[in-house]
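Hi everyone, thanks for coming. Let me put our structure up on the screen, and then we can walk through it together.

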Amino acid sequence: MKKIKYIIAAALALFSFDAYSQGCMTGGGSGDIIGVTGFIQPQFNYYINGKDADGKSLNKTEFTFNRARLGVLGSIPYDIDYYFAVEYSGFSNSENKVHLLDGYISYTRFAKWAKITIGQFKSPISLEQNTACSGLYTVERSEVVKQLAGPQRDLGLLISGGHDSLKFQYALALMNGSGMNNREDNSNKNIVGRVVVGPFKGLKVGGSFKVGGMNPTDPSERLNNIYRVAAEAQFNWKGLLLQGEYIYGQDKLYSASKVPIYGGCGGIVGFETKQPGTYHKDGAWVIASYRTKYNIEPVLKFDTWNSDKNDRYSRYNTYTIGVNYYINDYTRLQINYANLKESREHMNDMVMVQIQAIF
């Protein structure tokens, strides 16, 4: 029984380590260990949609699972770490299927300077995307992160390194670009990278980028080009957290193409057909929270997303007011009210209540 407790404790320590990691849950460790880890996030949503022309309420409620994940991590002597995780919540993808999230092997001999990872993992672009799902300060990620940092997960080769003690972290990846659990659909590879430096205690600033290609609707046509660049900053001092990020994207389409629309956990939930041309997109988010001595954490967040800077009706803003209550080290209650302001305004606000348990 004690041995089992030690294994679980080691896994939880690895899970909670604030690493520059590939997955939603950090993997690997030192020594010959294996652990099972994961979390579940049952949730209640209240959609405030106003009334129809006849005065009938359009509001609706639902119980759902935002995420329900199980992962295995471990180390093989010598210098080999592995990690894989499965999403059991069918609500997180359009096919309603259980699916593999992360699955990778890392060579860690020189991990402080250059850890080599191959498999399926998170794309190393964006601060919020590379914040663990269980560590988000609001229930949902920002829309700009979902769309411009997507696909959230992909297959490829990653070299990463750095550490807080060195005041910098970096990651550079060569990835398919076709998304998680999808075969490569062209001969092009995406190059994705991120650098974060910490010049002072509590302060980190950084940037990330992605360049690559996207298939046109007609595969005989020329491959489209995509570009992404992001700037980030975060400040943490005595329970006060301030974070922000700006992301710019450009799609250069040489023929009519179906541009993917990404969901909350990086899966493709639909497509938008775009005609040939150059499309500019951007968005930003900023968040402030304060962890009190009573384990209550009020949160304020603003995020904005513009899917086409040439279209005056394509921008919408989200204002989120929330509170997090940390019941213990492994259980958290989150309550969010999200107010959406669109160019063509209509009522579609949300109240989200989520409880999370990490094991």
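Which residues have the most contacts inside the largest nonpolar core? They are F121, V144, V145, I247 and W285, and this core has 22 residues. Please keep in mind that what you see is a predicted model.

Where does the core come from along the chain? Strands β3, β7, β14 and β15, together with helix α2, each supply at least two of its residues. Apart from this core lies another one, made of six residues, including A338, L340, M350 and M352.

Let's stay with W285 for a moment. Leaving out residues up to four places away in sequence, W285 touches a list of residues that includes V144, V145, E245, K301 and F302. K301 deserves a second look, as its charged end sits over the ring of W285, 5.6 Å from the ring centre. You can find a similar arrangement at R291: its charged end sits over the ring of Y326, 3.6 Å from the centre.

Now for rings that meet other rings. How do we describe such a pair? We give the distance of the centres and the angle of the planes. The count of aromatic pairs in this model comes to six. Take Y83 and Y104: their ring centres are 5.6 Å apart and the planes stand at 50°, so this pair is tilted, since only angles under 30 degrees count as stacked and over 60 as edge-to-face. Y83 belongs to strand β3, residues 80-87, and Y104 to strand β4, residues 99-107, so the pair ties together parts that are 21 residues apart in sequence. Are these two tyrosines buried or exposed? Both Y83 and Y104 are buried. Together with F121, they form one aromatic cluster, and you will remember F121 from the list of residues with the most contacts inside the largest core.

A second tilted pair is F302 with Y319, at 5.1 Å centre to centre and 45° between the planes. This pair also links distant parts of the chain, with F302 in strand β15 and Y319 in strand β16, 17 residues apart. Here the surroundings are more open to view: F302 has 28% relative accessibility and counts as partly exposed, and Y319 is partly exposed too, at 38%.

Those two strands bring us to the sheet. β15 and β16 pair in the antiparallel sense over 11 bridges, and along them P298 stands opposite V323. On to the next partner: β16 is joined to strand β17, residues 331-342, by 12 bridges, and these two run antiparallel. Between β16 and β17 there are two residues, and the two strands form a hairpin. Look for T318, which stands opposite L340 in β17; L340 is one of the residues of the six-residue core.

Let me finish with a single serine. Where is S126? It lies in the loop between β5 and α2. With a relative accessible area of 0%, S126 is buried, because buried means under 20%. Its side chain makes a polar contact with the side chain of E245, at 3.1 Å. A polar atom of that S126 side chain also lies 3.1 Å from the backbone nitrogen of Q129. Leaving aside neighbours within four places in sequence, the residues in contact with S126 include V145, R194, E245 and I247. Two of these names, V145 and I247, should be familiar from the list we began with.

That's my tour, and I'm happy to go back to any part of it.

How values were computed:
Residues are numbered from 1 along each chain as its sequence is written. This is a predicted model: local features need pLDDT of at least 70, side-chain atom pairs count only at pLDDT 80 or more; totals for chains, interfaces and linings use all residues. Side-chain values use heavy atoms; hydrogens and water are left out. Rings of Phe, Tyr and Trp (its six-membered ring) pair if their centres lie within 6.5 Å; planes under 30 degrees apart count as stacked, over 60 as edge-to-face and the rest as tilted. Helices (H or I, at least four residues) and strands (E, at least two) are DSSP runs, numbered from the N terminus. Buried means under 20% relative accessible area, exposed over 50%, partly exposed in between (1.4 Å probe, protein chains only). A charge sits over a ring if NZ of Lys or CZ of Arg is within 6 Å of the ring centre and within 35 degrees of the ring normal. Two strands pair if DSSP finds at least two bridges between them. A nonpolar core is a set of buried Ala, Val, Leu, Ile, Met, Phe, Trp, Tyr and Cys residues joined through side-chain atoms within 4.5 Å. Contact means heavy atoms within 4.5 Å. A polar contact is a pair of N or O atoms within 3.5 Å; within protein, one must be able to donate a hydrogen and the other to accept it, and residues adjacent in sequence count only if both atoms are side-chain atoms.
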